[in-house]
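Student: I would like to learn how to read the contacts in a protein–DNA model. Could we go through them one at a time, starting with what each term means?

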Protein chains: 2
Amino acid sequence: MKHDSFNESVEMYLKTVSELAAGDGLAPISALAQHLGISAVSATEMVHRLGEQGLVDHVPYKGVTLTLTGAQHAYRVIRRHRLWECFLSEHLGLGWQHVHDYACQLEHATADEVADAVAAFLGQPAVCPHGNPIPDRNGRLAEPDDEPLSEWRPGDRGSLSRVFPESFLLLDYLAMHNIRPGRTVIVTELAPFNGPMMVQIGGLPHALGHEIAAHIYGIRQNDQPI
Amino acid sequence: MKHDSFNESVEMYLKTVSELAAGDGLAPISALAQHLGISAVSATEMVHRLGEQGLVDHVPYKGVTLTLTGAQHAYRVIRRHRLWECFLSEHLGLGWQHVHDYACQLEHATADEVADAVAAFLGQPAVCPHGNPIPDRNGRLAEPDDEPLSEWRPGDRGSLSRVFPESFLLLDYLAMHNIRPGRTVIVTELAPFNGPMMVQIGGLPHALGHEIAAHIYGIRQNDQPI
DNA sequence: TAGCTAGTTTAGGTAAGCCTTAAAACAGCG
DNA sequence: CGCTGTTTTAAGGCTTACCTAAACTAGCTA
Ligand SMILES: [Mn+2]
Ligand SMILES: [Mn+2]
Ligand SMILES: [Mn+2]
Ligand SMILES: [Mn+2]
């Protein structure tokens, strides 16, 4: 193994590819660029460098995937990120919507020994405050089997599991409306003409736009009693 | 106020100037360069840049001091550093000699709100695990009135207050010999020909070289009972 | 099937922070 | 006053991570 730690920039690329490729498996460079707030040209360039280092595979004009090595490093960063989120939220009392950004800084400045010690301090938590699973120290990540609310249908009921991907604007909105993992949810109506999804969360009615519904995941339990 | 946060490089320069200028008030560029592990030419270059930004004053051929603005930023970094040290050492159980280096990474990735929350979590500690004072949120630092052991004379007694400046090799050595703030100390002998200083620390005899004795501070209490 | 367009890639360029080597300027000392 | 070692300037380069402008696909649409 040549490198063992990378700089912030590389880590953010790997993390972002991992997030964007979570669904279809191929992260378009434009999405990468947009997500990282840089130009597509710069992203292409960086992807080449990462490719030379064996961290990503690039299919020209199609997109980027992580290699095994790349994925391992990405998961290490994600682990540190989510562990810090737990600490900041549970022990420092910082706001649910803020800890994501604070952790995004700390994740690049955390030695593995520190991450392990934080994990022990927290009691080896399984998920971050936003419900996303925390990889173990070997970079193994339990893929949750929930579904975005956008795929639920009227009548479906269950409980919210996570918000993904996380972004301040979305988290802030959800915090304001008291929407978070653990809350019960019932889909009451799907407005026509691609309109919003009407739901009840924790007993209160909400209208969720497409964007939002696609980023909130839940576990359907239609057979459960109300 | 133009900037509010700086990058790691700038922060390390400011912090290092603050440390080196702690005594005489003027940090020679050569010392800066050596401490940061870069060439003197590069350090000069960077000092110019920092000067243009109003963070340091440079007296050619003499050395560098912090401006008021520069000092404030330096103390903010030092505050974050020492707060993290407390947390890592007291709550995560990481070794006294290791936390300095871990904190040196975290100090550049910590928002002020996080630092304040850490301080509150820790109960507003006054000193780091190595005995050095923690600046308050306004960057005010209580200068301790202790003296390096190198200035003590045979017969002097008191208690260790701090290790300064901190470096892994020194801290590791001290940890190995159970020498740390709070321990009682008695100077028993000063070996001739500039030899080592013989002391008793926590009841055990030690021979301290010049380097080391100059970096360990204590408060003399010759009038105290043994 | 040719043409368009959105997305992608290449070409060429910038700034920060580093580097080395060499020459010039200075401080402190004898 | 002149020597000597330290400090600074000068010159030329390197790497990383960005940029804009221009050329180029891929894949659809007419
Ligand atoms: Mn980050
Ligand atoms: Mn999270
Ligand atoms: Mn540092
Ligand atoms: Mn310390």
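Tutor: We begin with the polar contact, which is a pair of N or O atoms within 3.5 Å; within protein, one atom must be able to donate a hydrogen and the other to accept it, and residues adjacent in sequence count only if both atoms are side-chain atoms. In this structure, an N or O atom in the side chain of Ser42(B) lies 2.3 Å from a phosphate oxygen of DNA strand C. Please keep in mind that this is a predicted model, in which local features need pLDDT of at least 70 and side-chain atom pairs count only at pLDDT 80 or more, while totals for chains, interfaces and linings use all residues. Residues are numbered from 1 along each chain as its sequence is written, chains are lettered from A and ligands numbered from 1 in the order in which they are written, and side-chain values use heavy atoms, with hydrogens and water left out.

Student: Which other side chains have a polar atom listed beside a phosphate oxygen of DNA strand C?

Tutor: A polar side-chain atom of His58(A) is 3.0 Å from such an oxygen, and one of Tyr13(B) is 3.4 Å from a phosphate oxygen of DNA strand C. Helices here are DSSP runs (H or I, at least four residues), numbered from the N terminus. The elements that give two or more residues to the surface near DNA strand C are helix H2 (29–36) and helix H3 (40–52) of chain A, together with helix H1 (8–20) and helix H3 (40–52) of chain B.

Student: How many residues are around DNA strand C, and which come nearest?

Tutor: A residue is near a strand if one of its heavy atoms lies within 4 Å of it. There are 22 residues around DNA strand C, and Ser30(A), Tyr61(A), Asn7(B), Ser9(B) and Ser42(B) come nearest. Of the atoms of this strand within 4 Å of the protein, 69% belong to sugar or phosphate and the rest to bases. For residue classes, Ala, Val, Leu, Ile, Met, Phe, Trp, Tyr, Cys and Pro count as nonpolar, Asp, Glu, Lys and Arg as charged, and the others, Gly among them, as polar. By that scheme, the surface near DNA strand C has nine nonpolar, nine polar and four charged residues.

Student: What does the surface near DNA strand D look like by class, and which residues come nearest to that strand?

Tutor: Around DNA strand D there are 20 residues, of which Asn7(A), Ser42(A), Glu45(A), His48(B) and His58(B) come nearest. Sugar and phosphate make up 67% of the atoms of DNA strand D that come within 4 Å of the protein. The surface near this strand divides into nine nonpolar, eight polar and three charged residues, and H3(A) gives the most to it, with five residues. A polar side-chain atom of His48(B) lies 2.8 Å from a phosphate oxygen of DNA strand D, whereas for Tyr61(B) it is a polar backbone atom that lies 2.9 Å from a phosphate oxygen of the strand.

Student: How should I read the interface between the two protein chains, and how many residues does each chain give?

Tutor: Contact means heavy atoms within 4.5 Å, and here it takes 17 residues from chain A and 17 residues from chain B. Buried area is the accessible area (1.4 Å probe) that two parts lose on being put together, summed over both. Between chain A and chain B about 1,500 Å² is buried, of which carbon and sulfur atoms give 78%. A salt bridge is a side-chain nitrogen of Lys or Arg within 4 Å of a carboxyl oxygen of Asp or Glu. Between the chains the count is zero salt bridges, and there are two residue pairs in polar contact, both residues of a pair being at pLDDT 80 or more. On the side of chain A that touches chain B, two or more residues each come from H4, H5 and helix H6 (112–122) of chain A, and H6(A) gives the most, with five residues. The residues of that side are 13 nonpolar, three polar and one charged.

Student: Where does chain A divide into domains?

Tutor: Domain bounds come from an automatic or database domain assignment, which divides chain A into domain 1 (1–143) and domain 2 (147–220). Their C-alpha centres lie 25 Å apart. The area buried between these domains is about 1,200 Å², with 61% given by carbon and sulfur atoms.
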